[in-house]
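Colleague: Could you take me through one part of this model closely, a single helix and the helices that pack on it, and then say what surrounds that part? I would like a connected account rather than a list.

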Amino acid sequence: MAQAVEEWYKQMPIITRSYLTAAVVTTVGCSLDIISPYHLYLNPRLVVKDYEIWRLITNFFYFRKMDLDFLFHMFFLARYCKLLEENSFRGRTADFFYMLLFGASVLTGIVLVGGMIPYVSASFAKILFLSNSLTFMMVYVWSKHNPYIHMSFLGLFTFTAAYLPWVLLGFSILVGTSTWVDLLGMVAGHAYYYLEDVYPRMSGRRPLKTPAFIKSLFADDNVIVAQPANARFAAPPVLDHPQQR
């Protein structure tokens, strides 16, 4: 069993493995009182006045207490982060890292700006950690890249992956948890999807082109997919891909 888990862990791509490790170590460390969540949460005042810059990063690693919700998010993180990195971003590790960096920046910006808007500032002030939102963003982007995959929710009904974020949002409402983090993840995910996939097709320009200095950090192998002559594009295959939450 231990060997199987070790092999599974080693086979993860670098970004997924690094993020999952940081999330588990941080959350477990806080649960054992080795690390204090008060040193991790997003606090704009401490970032600006006391130069506690690390809070801009550490708030994405802590997933609250270790309970069933933590296991769900670790599953989503390990699964959809891995699927994106191995498929949509195969051979483009730098682009995948830049996607996460963009998402984290958008989420942080929304919380900071929202905290200055009357009537909603109190709601945004309660958002101390954005780890769940970043995970939800990855689920959203994956669903946009794989809209035709068939999925099942707890064996109750089936749907295509395009509706996965909305199904999870509905589940959050059903169980009475806050939907703010899910909605923020959807906003960040849609912003990335539009700027990276939709807008370039409309204008021929790519505003989210990965900077050269980030590309220099990763030694990606060029992946070339041979296209046979006279090939025609067909509708994406329909796969049976069960999903539970």
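Modeller: What follows is a close look at helix α5 and its packing partners, and then at some residues and loops around them.

The model is a predicted one, and a brief outline of the whole may help to place the helix. The protein has 11 helices and 2 strands, and from the N terminus on its elements follow the order α-α-α-α-α-α-α-α-β-β-α-α-α. Of its 245 residues, 41% count as buried. Among the contacts with a separation of 6 or more, 67% are between residues 24 or more positions apart.

Helix α5 covers residues 68-88, and three of its packings are described here, with α2, with α6 and with α8. Two packed helices are described by the angle between their axes and the distance between the axes, and each pair is taken in that way below.

I begin with α2, which spans residues 14-31. The axes of α2 and α5 are 8 Å apart and make an angle of about 165°; because angles over 145 degrees count as roughly antiparallel, the two helices are roughly antiparallel to each other. The crossing in which α2 passes α5 is right-handed. On the side of α2 the contact is made by I14, I15, T16, Y19, L20, A23, V24 and T27, and on the side of α5 by F70, M74, L77, A78, C81, K82 and E85. By class, the residues of this contact of α2 with α5 divide into 11 nonpolar, 2 polar and 2 charged.

One residue of that contact, T27, deserves a separate word. T27 lies in helix α2 and is buried, its relative accessible area being 0%. When its neighbours within four places in sequence are set aside, T27 is in contact with F61, Y62, F63, R64, M66 and F70, and F70 is one of the α5 residues that meet α2.

The second partner is helix α6, residues 93-114, whose axis comes within 9 Å of that of α5 and crosses it at roughly 140°. That angle makes α5 oblique to α6, and the crossing is right-handed. C81, L84 and E85 of α5 make this contact with T93, F96 and M99 of α6, and the residues comprise 4 nonpolar, 1 polar and 1 charged.

The third partner is helix α8, residues 131-145, which packs on α5 at an angle of about 45° with the axes 9 Å apart, so α5 and α8 are oblique to each other. Here α5 passes α8 in a left-handed crossing. The α5 residues D69, H73, F76, L77, Y80, C81, L83, L84 and S88 meet N132, T135, M138, V139, V141, W142 and H145 of α8. This contact of α5 with α8 has 10 nonpolar, 5 polar and 1 charged residues.

Read together, the three contacts share one residue, C81, which is listed with α2, with α6 and with α8. Is C81 buried or exposed? C81 is buried, because its relative accessibility is 0% and under 20% counts as buried. Another cysteine, C30, is also buried, at 6% relative accessibility. A disulfide is a covalent bond between the sulfur atoms of two cysteines; with a cut-off of 2.5 Å between cysteine sulfur atoms, the count comes to 0 disulfides.

Finally, some residues in the loops around this part can be set beside the buried ones. In the loop between α2 and α3 is D33, which has a positive phi of about 60° although D33 is not a glycine, and D33 counts as exposed at 69% relative accessibility. S36 is found in the loop between α2 and α3 (44-49) and is partly exposed, with a relative accessible area of 25%. The C-alpha atoms of S36 and T26 are separated by 9.5 Å, the two residues being 10 residues apart along the chain. Further on, the loop between α3 and α4 (55-58) holds Y51, a residue other than glycine with a positive phi near 55°; Y51 is exposed, with a relative accessible area of 64%.

Notes: Residues are numbered from 1 along each chain as its sequence is written. This is a predicted model: local features need pLDDT of at least 70, side-chain atom pairs count only at pLDDT 80 or more; totals for chains, interfaces and linings use all residues. Side-chain values use heavy atoms; hydrogens and water are left out. Helices (H or I, at least four residues) and strands (E, at least two) are DSSP runs, numbered from the N terminus. Buried means under 20% relative accessible area, exposed over 50%, partly exposed in between (1.4 Å probe, protein chains only). Contact means heavy atoms within 4.5 Å. Axes are lines fitted to C-alpha atoms, for helices over the stretch in contact, and angles run from 0 to 180 degrees between N-to-C directions. Angles under 35 degrees count as roughly parallel, over 145 as roughly antiparallel, 65 to 115 as roughly perpendicular and the rest as oblique. A crossing is left-handed if the near helix is turned anticlockwise from the far one by less than a right angle, and right-handed if clockwise. Ala, Val, Leu, Ile, Met, Phe, Trp, Tyr, Cys and Pro count as nonpolar, Asp, Glu, Lys and Arg as charged, and the others, Gly among them, as polar.
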